[in-house]
Amino acid sequence: MSTLSIAGLEAEVAGTAILRGIDLQVASGEVHAVMGPNGSGKSTLSHVLMGRPGYTVTGGSVHLDETDLLALEPWERANAGLFLALQYPTEVPGVALRDMLEESARAGGRDVAAVLERMQVEALRIGFDERFLDRPLNVDLSGGEKKRNETLQLAVLEPRIAILDELDSGLDVDALRAVSRRVEAATEESGLGVLAITHYTRLLEELRPDRVHILVKGRIVESGGPELAAELEETGYARFTEDEPKPASEAAADPFADPFA
Ligand code: ADP
Ligand code: MG
């Protein structure tokens with residue numbers, strides 16, 4: 001049993017405060033959905049949790065059980081049991097997926113010889129072409145293949161807590177079902193705890209959330225059960241984003257302003 005505990009987390013990027021006090025606890029086997037409009041800080045939260053350079057924590061704490069994650073390098077956080085499926089998976093020419101997962105197993109003191117078979121089993125399970133296992137990581141993969149690739153890594157690495165940053169973006173219906181089912185199964189089979197960042201409720205049809213949190217302008221403005229996601233589907237974010245009207249000059253300078261609004 002593990003718990004990811006985020007308390008009063010504040011962070012800035014390029015001198016601008018983006019996360020403004022986040023409190024969230026994710027325990028083994030639980031699925032928490034974080035939903036919010038564009039630019040609300042969802043990806044920033046995922047990067048700060050994993051320790052991406054350039055993101056400065058200005059307050060609060062993040063623990064995985066007793067471990068202070070903010071004191072660790074990203075690879076040490078991964079070794080402690082934290083996993084991040086990126087919104088935009090990175091292409092890494094020259095490094096095959098298999099090399100990466102075997103090296104991860106070695107670094108974590110796990111059985112390297114068992115990795116290839118685990119990869120093959122998982123590839124079959126989520127419909128990921130086996131050809132990609134020995135090819136450079138993410139290079140020339142379609143959006144949907146990249147997301148299947150992230151899911152395969154998650155399944156083979158067996159983290160304790162996984163952050164999924166828009167795992168559903170760019171996926172067709174079949175891929176969406178395959179990856180969300182696989183993650184849901186991990187919550188049941190190995191007690192994976194999930195922080196699923198998403199815009200849309202469609203990911204949450206297979207990957208059923210225990211709690212739904214609405215992130216607006218770097219703060220969680222409401223938390224509830226799955227019914228909250230259903231409400232968003234009906235009415236959008238308007239109820240959560242309505243502010244007092246601002247002068248146009250100020251609105252233009254607002255780094256959180258949604259360019260599509
Ligand atoms: P979301 O994932 O919810 O759409 P992000 O976390 O990507 O939102 O972005 C939140 C805000 O932080 C946006 O206003 C964005 O422009 C800003 N931001 C994110 N990353 C950077 C960065 N590396 N440099 C400058 N601003 C950034
Ligand atoms: Mg994002």
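Two strands are taken to pair if DSSP finds at least two bridges between them. In the predicted model described here, strand β1 (residues 3–13) and strand β4 (residues 55–64) meet this condition, with eight bridges in the antiparallel sense. Within this pairing, Ala7 stands opposite Ser61 in β4.

The protein chain as a whole has nine helices and twelve strands. Its C-alpha trace spans about 60 × 40 × 35 Å along the principal axes. The radius of gyration of the protein chain is 18 Å, which agrees with the value near 18 Å that a compact globule of 261 residues would have.

Strand β1 also pairs with strand β2 (residues 16–27), in the antiparallel sense and over nine bridges. In this pairing, Leu9 of β1 is placed opposite Ile22 in β2, and Glu10 is placed opposite Arg20 in β2. In a regular strand, side chains alternate between the two faces of the sheet. The strands β1 and β2 form a hairpin, and two residues lie between them. Ala14, in the turn of this hairpin, has a positive phi of about 50 degrees.

These strands belong to an open sheet of four strands in the order β2-β1-β4-β5, where the pairing is antiparallel. The edges of the sheet are occupied by β2 and β5 (67–68); each has a single partner strand, so one side of each is left without a neighbour in the sheet. Helix α1 (residues 42–50) lies across β1, β2 and β4. The direction of α1 is at about 110 degrees to β1.

A further open sheet has six strands, in the order β6-β9-β10-β3-β11-β12, and its pairing is mixed. Here β6 (82–85) and β12 (219–224) are the edge strands; each has a single partner strand, so one side of each lacks a neighbour in the sheet. On average, and with direction ignored, neighbouring strands of this sheet are turned by 20 degrees against each other. At one edge, β6 and strand β9 (residues 161–165) pair in the parallel sense over four bridges. The bridge partner of Leu82 in β9 is Ile161. Helix α5 lies across β6 and β9 and runs at about 170 degrees to β6.

Helix α5 (residues 143–157) also packs against another helix: its axis and that of helix α6 (residues 173–189) come within 10 Å and cross at roughly 15 degrees. Angles under 35 degrees count as roughly parallel, and α5 and α6 are therefore roughly parallel to each other. The crossing of these two helices is left-handed. From α5, the contact involves Lys147, Arg148, Thr151, Leu154 and Ala155. From α6, the contributing residues are Asp174, Ala175, Ala178, Val179, Arg182 and Val183. The residues of the contact of α5 with α6 comprise six nonpolar, one polar and four charged.

A second helix pair consists of helix α3 (residues 97–107) and helix α4 (residues 115–126), whose axes come within 10 Å and cross at roughly 125 degrees. That angle makes α3 oblique to α4. The crossing of α3 past α4 is right-handed. On the side of α3, the contact is made by Leu97, Arg98, Leu101, Glu102 and Ala105. On the side of α4, Val115, Leu116 and Met119 take part. The residues of the contact of α3 with α4 divide into six nonpolar and two charged, with no polar residue.

Technical notes: Residues are numbered from 1 along each chain as its sequence is written. Chains are lettered from A and ligands numbered from 1 in the order in which they are written. This is a predicted model: local features need pLDDT of at least 70, side-chain atom pairs count only at pLDDT 80 or more; totals for chains, interfaces and linings use all residues. Side-chain values use heavy atoms; hydrogens and water are left out. Axes are lines fitted to C-alpha atoms, for helices over the stretch in contact, and angles run from 0 to 180 degrees between N-to-C directions. Angles under 35 degrees count as roughly parallel, over 145 as roughly antiparallel, 65 to 115 as roughly perpendicular and the rest as oblique. A crossing is left-handed if the near helix is turned anticlockwise from the far one by less than a right angle, and right-handed if clockwise. Contact means heavy atoms within 4.5 Å. Ala, Val, Leu, Ile, Met, Phe, Trp, Tyr, Cys and Pro count as nonpolar, Asp, Glu, Lys and Arg as charged, and the others, Gly among them, as polar. The radius of gyration is taken over C-alpha atoms; the globule rule is 2.2 Å times the number of residues to the power 0.38.
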